[in-house]
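Work through the exercises below with the structure open. Try each task before reading its solution.

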Amino acid sequence: MPPLVLSSSSTSRAWHTLAAACVVVILCALSYATEDVSTRVVSVLAKPPPVAVLVSPISCASTVVAIDPSSLTSPSTSRFDVVIGGYEFLTSDDVANHHVWALNLPLATVVFYRRTRAEVKARAWRCASGMTAIERLMFPNYGRDGSAFWDWAMFRYDAPPRAVAYLHGHGALAWHTSCETVFTRIRTYYDDMLRVHGDDDGGAYSRRIGGNNVTDVDAADDVGYAPESMVTLSFARGRRETPFAPLEWNGGRRRLLTARTNSDDSYDGVETAKCVDVLRSVNVTLKPATVRSCCGTFIMPGRFIRGYALEVYKALHGFIMDQSMDDGISGRACFEFIVYGMFSANNLPAHVKAPDVNLTALSAWFDRAHARTRELKPAMESCERNYKSSMFPFLPYLGDAHRRVFFNKIWFPARRYVQGDVPP
């Protein structure tokens with residue numbers, strides 16, 4: 001057999017491939033070296049919550065099946081709702097492969113909003129761990145994210161869940177949030193819910209908390225603060241520079257300026273001014289929120305919706321659904337810019353029992369959630385598959401701590417982000 005002779009072009013391609021592989025190895029090592037050291041320290045020091053089973057050992061992966069919607073009763077007050085405020089019709093495969101199932105929360109109910117295909121009745125699903133999902137239909141297809149949340153508040157008003165996580169239709173995949181942000185914070189909030197409340201009203205961990213701090217058994221020493229307040233699910237990963245600052249706005253200077261002036265009559269925006277009038281018409285005047293964030297993605301105790309009369313949500317929902325206005329503006333004005341204020345302790349009535357926010361303790365809670373990044377890495381890798389680079393599909397999951405490294409765009413191509421451009 002004659003010796004194998006490579007052409008100059010083949011040799012060149014081989015060298016280019018080898019060089020690219022070496023670069024990838026170097027960059028992976030560099031990415032680990034540039035990881036936030038404080039994250040590693042917190043990861044080592046953080047202790048797991050003292051609950052026997054917080055998340056089912058049975059995976060939801062490949063076990064999602066359609067069920068009769070009538071077989072699902074309204075979730076009990078011990079449950080956790082994850083609301084996906086979307087609009088499109090999801091096929092059976094879309095639902096089964098949705099990244100929300102990777103949360104794998106047995107006591108959670110996912111509420112998918114749909115605003116198309118009215119001829120198809122609402123559907124429901126369940127996975128092997130017990131996590132369920134239902135569809136909530138809303139027509140016409142208007143009002144964007146805000147209309148879905150106010151509709152959910154009316155839907156759950158008589159029997160709110162223990163807590164609710166609210167996400168836009170894109171879920172964890174957007175410039176203003178991330179799989180790491182959504183998974184670490186929802187799982188930690190959910191675990192704390194079980195740690196404090198138990199899996200039902202008579203559970204082993206059902207003793208209440210005092211103020212903002214856990215007093216139940218040894219949980220305070222082992223884990224610490226369990227928030228009974230809103231926590232943001234926003235992290236503007238699509239921006240060029242986004243430090244880990246969960247108590248900050250995380251959404252662009254222009255948007256922050258608009259939000260700050262939202263309750264001010266001097267703001268020159270028709271829809272915003274009208275939203276202030278809507279609130280006044282139902283006797284709601286808001287003081288500034290203790291903590292606020294952009295983009296209307298968050299977690300909060302479900303009982304907070306009982307802080308206002310049902311008519312308030314009807315008025316807000318009706319305003320955003322008014323097709324004579326631009327819902328891209330009215331939806332922000334009467335949802336994103338007011339939702340943190342509405343459910344801030346200084347605006348909620350006493351019967352809701354919303355404790356004042358301890359900012360130091362809340363900041364530590366965000367650090368504790370952030371420390372679970374490595375623990376939850378497999379679930380986040382499943383979620384992040386939509387961010388994989390088409391050029392280098394074999395690259396590992398890096399997470400938010402690496403996004404500012406100079407080779408960021410290889411891992412997270414800008415074209416992969418969904419639902420709008422990055423704000424200034």
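**Exercise 1. Burial of a strand**

Task: Decide whether the two faces of strand 2 are covered or open.

Solution. The model is a predicted one.
Step 1. Take one face of strand 2: Phe80, Val82 and Ile84 are buried there.
Step 2. Take the other face: Asp81, Val83 and Gly85 are buried as well.
Step 3. Side chains in a regular strand alternate between the two faces of the sheet.
Step 4. Both faces of strand 2 are therefore covered.
Step 5. Count the residues: six of the six in strand 2 are buried, so the strand is largely enclosed by the rest of the structure.

**Exercise 2. Neighbours of strand 2 in the sheet**

Task: Find which strands pair with strand 2, and in what sense.

Solution.
Step 1. Start with strand 6, residues 163-168: six bridges join it to strand 2, residues 80-85. These two strands run parallel.
Step 2. Pick a bridge: Asp81 has Val164 in strand 6 as its partner.
Step 3. Turn to strand 3: five bridges pair it with strand 2, again in the parallel sense.
Step 4. Pick a bridge here too: Ile84 is partnered by Phe112 of strand 3.

**Exercise 3. The whole sheet**

Task: Give the strand order, name the edge strands and find a helix that packs on the sheet.

Solution.
Step 1. The protein has 14 helices and eight strands.
Step 2. Read the order of the eight-stranded sheet: 1-4-5-3-2-6-8-7. The sheet is open, and its pairing is mixed.
Step 3. Look at the edges: strand 1 (65-67) and strand 7 (231-232) each pair on one side only.
Step 4. Add helix 5, residues 179-197, which packs on the sheet. Helix 5 touches strand 2, strand 3 (108-114), strand 6, strand 7 and strand 8.
Step 5. Compare directions: that of helix 5 makes about 10° with that of strand 8.

**Exercise 4. Helix 4 against helix 9**

Task: Describe how helix 4 and helix 9 cross, and which residues meet.

Solution.
Step 1. Take the axes of helix 4 (residues 144-155) and helix 9 (residues 310-320): they come within 9 Å. They cross at roughly 155°.
Step 2. Angles over 145 degrees count as roughly antiparallel. Helix 4 and helix 9 are therefore roughly antiparallel to each other.
Step 3. The crossing is left-handed.
Step 4. List the residues on the helix 4 side: Gly146, Ser147, Trp150, Asp151, Ala153 and Met154. They meet Leu310, Tyr313, Lys314, Leu316, His317 and Ile320 of helix 9.
Step 5. Sort this contact by class: seven residues are nonpolar, three polar and two charged.

**Exercise 5. Helix 4 against helix 10**

Task: Classify the crossing of helix 4 with helix 10 and list the contact.

Solution.
Step 1. The axes of helix 4 and helix 10 (residues 327-336) come within 7 Å and cross at roughly 45°.
Step 2. That angle makes helix 4 oblique to helix 10.
Step 3. Helix 4 contributes Arg144, Asp145, Gly146, Phe149 and Trp150. Helix 10 contributes Asp327, Gly328, Cys334 and Phe335.
Step 4. By class, four residues of this contact are nonpolar, two polar and three charged.

**Exercise 6. Backbone details**

Task: Inspect the Phe139–Pro140 peptide bond and the phi angles of Arg144 and Cys295.

Solution.
Step 1. The bond joining Phe139 and Pro140 is cis, with omega about 0°. Pro140 sits in the loop between strand 5 (132-137) and helix 4.
Step 2. Arg144, in helix 4, has phi near 55°. That is a positive value in a residue other than glycine.
Step 3. Cys295 also has a positive phi, near 80°. Its place is the loop between helix 8 (270-281) and strand 8 (298-301).
Step 4. Check the burial of Cys295: the cut-off is under 20% relative accessible area. At 3%, Cys295 counts as buried.

**Exercise 7. A loop phenylalanine**

Task: Place Phe89 and list its contacts beyond four places in sequence.

Solution.
Step 1. Phe89 lies in the loop between strand 2 and helix 3 (92-96).
Step 2. Its relative accessible area is 22%, so Phe89 is partly exposed.
Step 3. Leaving aside neighbours within four places in sequence, Phe89 contacts Asp94, Arg114, Thr116, Arg117, Val120 and Arg123.
Step 4. Phe112 is 23 residues from Phe89 along the chain, and their C-alpha atoms are separated by 9.6 Å.

Definitions and conventions:
Residues numbered from 1 in each chain as written. Predicted model: local features only at pLDDT ≥ 70, side-chain atom pairs only at ≥ 80, totals over all residues. Heavy atoms only, no water. Axes fitted to C-alpha atoms, helices over the stretch in contact; angles between N-to-C directions. Parallel < 35°, antiparallel > 145°, perpendicular 65-115°, else oblique. Left-handed = near helix turned anticlockwise from the far one by under 90°. Contact = heavy atoms within 4.5 Å. Nonpolar A, V, L, I, M, F, W, Y, C, P; charged D, E, K, R; others polar. Buried < 20%, exposed > 50% of the residue type's maximum accessible area, 1.4 Å probe, protein only. Pairing = 2+ DSSP bridges.
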